[in-house]
Amino acid sequence: MNKEQLDGALADKHALVTGAASGIGLACAGALLGAGARVTLAGRDGARLARARMQLEEAGHAGRVAICVLDVSVEASVQAGFAQAAAHFGRIDILINNAGQAHAAPFGKTGAAIWQQMLAVNLTGVFHCCQAAMPAMLEAGWGRIVNVASTAGLKGYRYVSAYVAAKHGVIGLTRALALEVAPRGVTVNAVCPGYTETEMVAQAVQNIVRKTGRGEDAARAELAAGNPQQRLVQPQEVADAVAWLCLPASAAMNGQSIAVAGGEVM
């Protein structure tokens, strides 16, 4: 996506990005700011969000970045946070549901508490955020929702059954909601990254090192091996796909689940 396609394309829009303090969320915020949007960074850690805002402002986006502390798994927190964001920058036109967690364990050692936590953050959080943002989008007759799912929503992975189940749920929710709102100017899509250079993958690398005794390079290579390009995806590559789906020119894209994974899923 070239600079000419992005410049000013979202100049009158307000985007809210969850899980925005680092990684894919922060990259998405930067891409949307680059297209002219005003962006609210949402997440649970106010200090990290403040550092992310400073980073974006120093990159030339001063006055167009706000922060909002909320927990996507708690409905009241989401409703209050979204109201705060709308009071600051106007209605939310673009919602990027990026907040997520992963927990690795064999199925037999995945307790009910971990199962519920994975569903609460990765699936119910998307539900809460869509419900909070959708009414204003429908009233305006325009909106973009992009759910950052995972290739785990399109295939299976061992030892992360709860995470895989939640991400499959996100894909199903994306498709159902896309059909409901299709005639009303709102689109709902999902972007499904493979293993990406993020804190979550860094934690996965450390888990492999701890459990197998292998070095970090070998652990990273194991995760990259599933990508036919034999590498980890970069957050900016995911963010570019997300930003494209938010453009007015992408109105025909609806209900899609786009893998950003080097060909791992076709």
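## A predicted chain with a Ketoreductase annotation

In an unreviewed UniProt entry, residues 13-185 are annotated as "domain: Ketoreductase". UniProt positions follow the numbering used here, feature names are shortened, and annotations may be inferred rather than shown by experiment. The model is predicted, so local features need pLDDT of at least 70 and side-chain atom pairs pLDDT 80 or more, while totals for chains, interfaces and linings use all residues. Residues are numbered from 1 along each chain as its sequence is written, and side-chain values use heavy atoms, with hydrogens and water left out.

The same kind of record, again an unreviewed UniProt entry, gives residues 20-41 as "transmembrane region". Here is how the two annotated spans look in the model, with helices (H or I, at least four residues) and strands (E, at least two) taken as DSSP runs numbered from the N terminus.

| Span | Helix | Strand | End C-alpha atoms apart |
|---|---|---|---|
| Residues 13-185 | 54% | 15% | 14 Å |
| Residues 20-41 | 55% | 18% | 5 Å |

**The whole chain**

Let us step back to the protein chain, which holds nine helices and seven strands. Its radius of gyration is 18 Å, in agreement with the value near 18 Å for a compact globule of 266 residues; this radius is taken over C-alpha atoms, and the globule rule is 2.2 Å times the number of residues to the power 0.38. The C-alpha trace spans about 50 × 35 × 35 Å along its principal axes.

Among the 266 residues, 47% are buried, where buried means under 20% relative accessible area, exposed over 50%, and partly exposed in between (1.4 Å probe, protein chains only). Of the contacts (heavy atoms within 4.5 Å) with a separation of 6 or more, 72% join residues 24 or more positions apart.

**Two helix residues**

Where does Phe127 sit? Phe127 belongs to helix H5, residues 112-140. This residue is partly exposed because its relative accessible area is 37%. Between the C-alpha atoms of Phe127 and Ser250 there are 23 Å, and the two are 123 residues apart along the chain.

Glu57 is part of helix H3, residues 46-61. With 30% relative accessibility, Glu57 also counts as partly exposed. Which residues does Glu57 touch, leaving aside those up to four places away in sequence? They are Ala62, Gly63 and Val65. Ala251 is 194 residues from Glu57 along the chain, and their C-alpha atoms are separated by 29 Å.
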